[in-house]
Amino acid sequence: MIRATLVIGLSVIWFGLACPVSGANLNIGDPVPALVLPSLQGKNIELSSLVGSKPTLIAFWTTWSKSCQAEINFLQSLENTYGEKLNIVGISLDRKAADVEQFIAQNNITFTILLDKKQKYLDDFRVLIIPTLFVVGKDGNLKNIYVDFEDATKNLVNRLAEKHP
């Protein structure tokens, strides 16, 4: 029993030391972490080129998650209504770009979609659950984080968009 506890304890310590979370200090009010990812067209896009001129919503998502599908379609409705006053960026964690392209085409998604096939930026943004939605102010700083997608999230984001048209 003591040996098993010792092995588990050492494993936890080793895992914690070997796999640090680089985004562990990301808090509300902090600048959004930098990232560079390819778009569906294959062009590398720096997030900093999309953030800062107006409020921005950044969604980490996948095509296979029903919650993610609902959130992306909701974000498209915001794009349709507030597109000139709001940036929306979807960061797909799907391994196959073809799956993302098919979903985007079938659902008429028009906002920027970036591909993070290797899930390189999950730690920087502290994403543990998908979908995760980040609200970024015009100043480039994190204003809020919404984890999962449900009616309460939808209502809060709608109010936020209406408040800052």
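Two strands are taken as paired if DSSP finds at least two bridges between them. In the predicted model described here, strand 3 and strand 4 (residues 87-92) satisfy this criterion with 6 bridges, and their pairing is parallel. Within this ladder, Phe 60 has Ile 91 of strand 4 as its bridge partner. Strand 3 also pairs with strand 6, here in the antiparallel sense and through 5 bridges; Leu 57 is matched with Val 135 of strand 6. The connection from strand 3 to strand 4 involves helix 2 (residues 66-82), and the three elements make up a right-handed β-α-β unit.

These elements belong to a chain with 5 helices and 7 strands. In sequence order, the pattern is α-β-β-β-α-β-α-β-α-β-β-α. The chain comprises 165 residues, of which 42% count as buried. Its accessible surface amounts to about 9700 Å², with 55% belonging to carbon and sulfur atoms. Of the contacts between residues at least 6 apart in sequence, 70% join residues at least 24 apart.

The environment of strand 3 was examined further. Because 6 of its 6 residues are buried, strand 3 is largely enclosed by the rest of the structure. In a regular strand, side chains alternate between the two faces of the sheet. For strand 3, one side carries Thr 56, Ile 58 and Phe 60, the other carries Leu 57, Ala 59 and Trp 61, and the residues on both sides are all buried.

Aromatic contacts involve this strand as well. The structure contains 4 aromatic pairs. One of them, formed by Trp 61 and Phe 103, is tilted, with a centre-to-centre distance of 5.4 Å and an angle of 50° between the planes. This pair links distant parts of the chain, given that Trp 61 lies in strand 3 (residues 56-61) and Phe 103 in helix 3 (residues 97-106), 42 residues apart. Trp 61 is buried at 0% relative accessibility, and Phe 103 is likewise classed as buried at 8%. In the pair of Phe 125 and Phe 134, the ring centres are 5.2 Å apart and the planes meet at 70°; the pair is therefore edge-to-face, since planes over 60 degrees apart are assigned to that class. Phe 125 is buried at 2% relative accessibility, as is Phe 134 with a relative accessible area of 1%. Together with Phe 60, Phe 125 and Phe 134 form one aromatic cluster. Phe 60 thus appears both in this cluster and in the bridge to Ile 91.

Backbone geometry was considered next. Most residues other than glycine have a negative phi, and most peptide bonds are trans. Gln 119, in the loop between strand 5 (112-115) and helix 4, has a positive phi near 50°. Gln 119 is partly exposed, its relative accessible area being 32%. Arg 126, in the loop between helix 4 and strand 6, also has a positive phi, of about 60°, although it is not a glycine. At 41% relative accessibility, Arg 126 counts as partly exposed. The loop between helix 4 (122-125) and strand 6 (132-136) also contains Pro 131. The peptide bond joining Ile 130 and Pro 131 is cis, with omega of about -5°.

Conventions:
Residues are numbered from 1 along each chain as its sequence is written. This is a predicted model: local features need pLDDT of at least 70, side-chain atom pairs count only at pLDDT 80 or more; totals for chains, interfaces and linings use all residues. Side-chain values use heavy atoms; hydrogens and water are left out. Helices (H or I, at least four residues) and strands (E, at least two) are DSSP runs, numbered from the N terminus. Buried means under 20% relative accessible area, exposed over 50%, partly exposed in between (1.4 Å probe, protein chains only). Contact means heavy atoms within 4.5 Å. Accessible areas come from the Shrake-Rupley method with a 1.4 Å probe; for residues, only the protein chains shown count as cover. Rings of Phe, Tyr and Trp (its six-membered ring) pair if their centres lie within 6.5 Å; planes under 30 degrees apart count as stacked, over 60 as edge-to-face and the rest as tilted. A crossover is right-handed if, with the strands pointing away from the viewer, the path from the first strand over the helix to the second runs clockwise.
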